[in-house]
Amino acid sequence: MGIARTLISPFRQTSGLARWILLSGLLLLLAFVILAVFAPWIAPYGFAQVRESGEMFPRNGPPSGEHFLGTTEGFYDVWSRIVWGARTALQVVIISVFLSVLLGAPLGLVSGYLGGWLDRILVLIMDALYAFPSLLLAIVFSFLLTDLFGGGVTAAAVALTVIYVPQYFRVVRNTTVSAREATYVEAARAIGAPKRTIMAKYLFNNVVQSVPVIGTLNAADAIGTLAALGFLGLGIQPGEAAEWGYDLQRALPGASAGIWWTGVFPGLAIVLLVTGLTLVGEGLNETVNPTLRKRKLRPFTLPPRGAAAVQAGKGQVDL
Amino acid sequence: MSSGGGSLPRYIVTRLLLIIPMVFILVTIVFLLLRVAPGDPVSATVGGRLSEAAQDERRAALGLDRSLIVQYFDYLGDVVTLRFGQTITDNRPIIDIVKDNGGATLMLAVGAFIVALVIGLPLGTIAGRFRDTAADVVIRIFGVITYAAPVFYWGLLFQLLFAGYLGWLPSTGIASPITIFEVESVTHILLIDAVIAGNGHAILDVLKHLIMPVATLGLLLSGIFIRLVRVNVLQSLKGDYIEAARARGISEVQVMRAHAFRNALVPVVTVIGLQVALLLSGAVLTEATFNWPGIGNELVQYINVRDYAAVQGIITLFAVVVVVVSIVIDIVNALIDPRVRY
């Protein structure tokens, strides 16, 4: 109850636009979660299915009764690939964001609190990784991982994790450094709390505040990067799972020949999912971040002068 | 470094010296990942096609039969001398790829940057000035969509519309074969070469090919510019000096132009400089979309044939470019804004 109220209270204080942004983002996201979770029931065909009852699907077939978004040059059903693709995308993003928080946040906490050489070296490495173009980093890693372990959802997720670890590291480390000398931490030290307790109990809760916002924005970015890897032929291969970026790559040669359905729809799915996640991130940011927040102005009535000053909620100010 | 505010030359020297450890770390990371981890790049690359003896020969030629430590220092030497090694599949020095394909990438990047500035600066300013109005909402949605849609999706949509449906523009490539044949390569930047040659048809042809890729990459960047400019205009509008300017009765246009916009630009310049990384990533994808003969497209080709040495060289090159550019931007910022030096 108490937690729910703390979570909702900043939301209630947002002005119309921030709330609208957050809500529409959540709605879009929900739609994709439904597609992903119920993919076997929603998708009419399998993601790698090219024939039904012995009959091949048409190649590059335009939208029709059986294939209402058409078929691709690889004989796949476009709509089924989109539905299954939602599952792939969400799987990869959840794994990679989870892993990168799991790695980045504790590293940042320890590095920021302990300081010293460990901190310096970690900061240098993380800064170097952060300065690196993220797509190129992902290319290097998925290039490696596909050769070492074969492709698949896990390899793609791990390749994306590497990009986002430095972000959590930086944010958590910087907050830790500034919180380290705060009075409550000093007090904890004074009563003899060991370093581990201070980090796990006192600092952790104060430092993780910004993680959800970064997490959602990273998730949005991860969708795009996953698609980019697929587009470059590095991500998940078509037999392993449906992936929108790969579908777009296959659709490209048909574009100037007027075959629009193979590319427009998977791309639209990417745009909508990324938009949804971005809106949620932005909405959260405007809600949580006090420097961006515009509080709703609530009418406040002064108690009437003199007698019955307690009757606040009612009448106009009587001057 | 913090004592006495620090002088400008000292700041510049420290920033320049910082290039060394940053590049060193990046080179080491890329080397470790691509040279050590997969085992043997030659058998991974040409294993199926060459005999054992021929592979050994290739290994010896590339110096891969030596110990990793020796190879590492050798590679560091290659980076310091800006050679970046050579490819396995076609024995091409990486620096040749830069010479042959760098011009196309540069043309694309500069064009995209201009498109992004032309779209981003005015829209961001309007959105910031008229916060929470319909204009703000529309511009922000535009910004979110440009960011949400992958560059290759924009590319695909442009190709569908302008090349497929309307047939106005060529769908891929940097120029028609006739133009490439006619124009003599002087600067390796085709547009400039065409201008030097004074060949009107060639200039027109290059421009036609240039429109879609530049617009695609420019849109990606413009979304970022809009966000940045908007936030910074919002911040600077909160400043006391804005209120002071308004109180003095200065017209709103003048307040925006001389007070808000100019102060909003300083942080924008910094962050725009950091977009070089995004620009490079975007360029790789744009080039792959439009079969644009730039460095990114070469990278993709070498990825497809699993040429480790080529991927390593090109990625290292990109890393060096990013580090050097971001540090140069830092220095430029210090020259513009004295508050940066501390």
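Helices, runs of at least four residues, and strands, runs of at least two, are DSSP assignments numbered from the N terminus. The model on display is predicted.

**Chain A as a whole.** Select chain A and colour it by secondary structure: 12 helices and two strands appear. Following the sequence from its start, the viewer will meet the order α-α-α-β-β-α-α-α-α-α-α-α-α-α. Of the 319 residues in chain A, 46% are buried. Among contacts in chain A with a separation of 6 or more, 70% join residues 24 or more positions apart.

**The side of chain A that touches chain B.** Next, display both chains and select the residues where they meet: 38 in chain A are in contact with 45 in chain B. On chain A, the elements that supply two or more residues to this side are helices H5 (116-131), H6 (134-149), H10 (211-231), H11 and H12 (261-288). By class, the residues on this side of chain A comprise 28 nonpolar, nine polar and one charged.

**One helix pair across the interface.** Now select residues 244-255 of chain A, helix H11, together with residues 151-165 of chain B, helix H7. Their axes come within 9 Å and cross at roughly 15°. This angle is under 35 degrees, and H11(A) and H7(B) are therefore roughly parallel to each other. The crossing of H11(A) and H7(B) is left-handed.

Finally, show the side chains at this contact. H11(A) contributes Leu248(A), Ala251(A), Leu252(A) and Ala255(A). From H7(B) come Phe152(B), Tyr153(B), Leu156(B), Gln159(B), Leu160(B) and Gly164(B). The contact of H11(A) with H7(B) thus presents eight nonpolar and two polar residues, with no charged ones.

Terms used
Residues numbered from 1 in each chain as written. Chains lettered and ligands numbered in written order. Predicted model: local features only at pLDDT ≥ 70, side-chain atom pairs only at ≥ 80, totals over all residues. Axes fitted to C-alpha atoms, helices over the stretch in contact; angles between N-to-C directions. Parallel < 35°, antiparallel > 145°, perpendicular 65-115°, else oblique. Left-handed = near helix turned anticlockwise from the far one by under 90°. Contact = placed C-beta atoms within 7 Å. Nonpolar A, V, L, I, M, F, W, Y, C, P; charged D, E, K, R; others polar. Buried ≥ 20, exposed ≤ 12 C-beta atoms within 10 Å, placed from the backbone.
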